Amino acid sequence: MSFQFGPTPDPEESLMEVYHYKNAVDDYERDGALQDSPMLKHWFVINVCDVLLGEDAMYKYSPQELFEKLEEYSKDAQAFTDMCEEHDCRVTLDDMEYQRQCSH
């Protein structure tokens with residue numbers, strides 16, 4: 001899954017909207033850009049929600065539900081990391097398949 005930018009505006013309708021769109025796309029790799037790029041911030045929230053709970057999640061779930069799911073995933077990831085450290089395991093991504101490699 002890659003970051004999805006919003007739809008490209010029509011230059012015949014609004015050159016200013018095209019200008020803001022280009023700036024937001026350019027800001028994608030700039031540190032701190034979410035603080036001062038409202039369009040990029042909106043796209044970012046949509047993308048995070050989609051990664052978290054699937055397509056259009058931002059429109060299907062309340063902010064509370066999204067935040068609770070994010071907390072749950074964070075706790076699960078931490079538990080997994082702790083388990084791997086305890087058992088000296090490594091998880092690698094190879095051709096989109098997870099392989100578990102343990103020293104035990």
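**Exercise 1. Count the disulfides and classify two cysteines.**

Task: How many disulfides does the rule give, and are Cys49 and Cys84 buried or exposed?

Solution. The count comes to 0 disulfides, where a disulfide is a pair of cysteine sulfur atoms within 2.5 Å. In general, a disulfide is a covalent bond between the sulfur atoms of two cysteines.

This is a predicted model, in which local features need pLDDT of at least 70 and side-chain atom pairs count only at pLDDT 80 or more, while totals for chains, interfaces and linings use all residues. Residues are numbered from 1 along each chain as its sequence is written, and side-chain values use heavy atoms, with hydrogens and water left out.

For the second part, buried means under 20% relative accessible area, exposed over 50%, and partly exposed in between (1.4 Å probe, protein chains only). Cys49 has 7% relative accessibility, so Cys49 is buried. Cys84 has 9%, so Cys84 is buried.

**Exercise 2. Check the length of helix H3.**

Task: What span should helix H3 have, and how far apart are its end C-alpha atoms?

Solution. Helices (H or I, at least four residues) and strands (E, at least two) are DSSP runs, numbered from the N terminus. H3 covers residues 38-53, which is 16 residues. The expected span is 1.5 Å times one less than the number of residues. For H3 this gives 22 Å, and the end C-alpha atoms are 23 Å apart, which agrees. Just after H3, Gly54 has a positive phi of about 95 degrees.

**Exercise 3. Describe how H3 packs.**

Task: Which residues of H3 are buried, and what covers them?

Solution. Leu40, Trp43, Ile46, Asn47, Cys49, Asp50 and Leu52 are buried in H3. Their cover includes helices H1 (15-27), H2 (33-36), H4 (57-60) and H5 (63-86).

Take H5 next. Contact means heavy atoms within 4.5 Å; Cys49, Leu52 and Leu53 of H3 meet Leu66, Lys69, Leu70 and Tyr73 of H5.

**Exercise 4. Place Gln4.**

Task: Where is Gln4, and with which residues is Gln4 in contact, leaving aside its neighbours within four places in sequence?

Solution. Gln4 lies in the segment before H1. Its relative accessible area is 47%, so Gln4 is partly exposed. Leaving aside neighbours within four places in sequence, Gln4 is in contact with Trp43 and Asn47. Gln4 and Asp50 are 46 residues apart along the chain, and their C-alpha atoms are separated by 9.9 Å.
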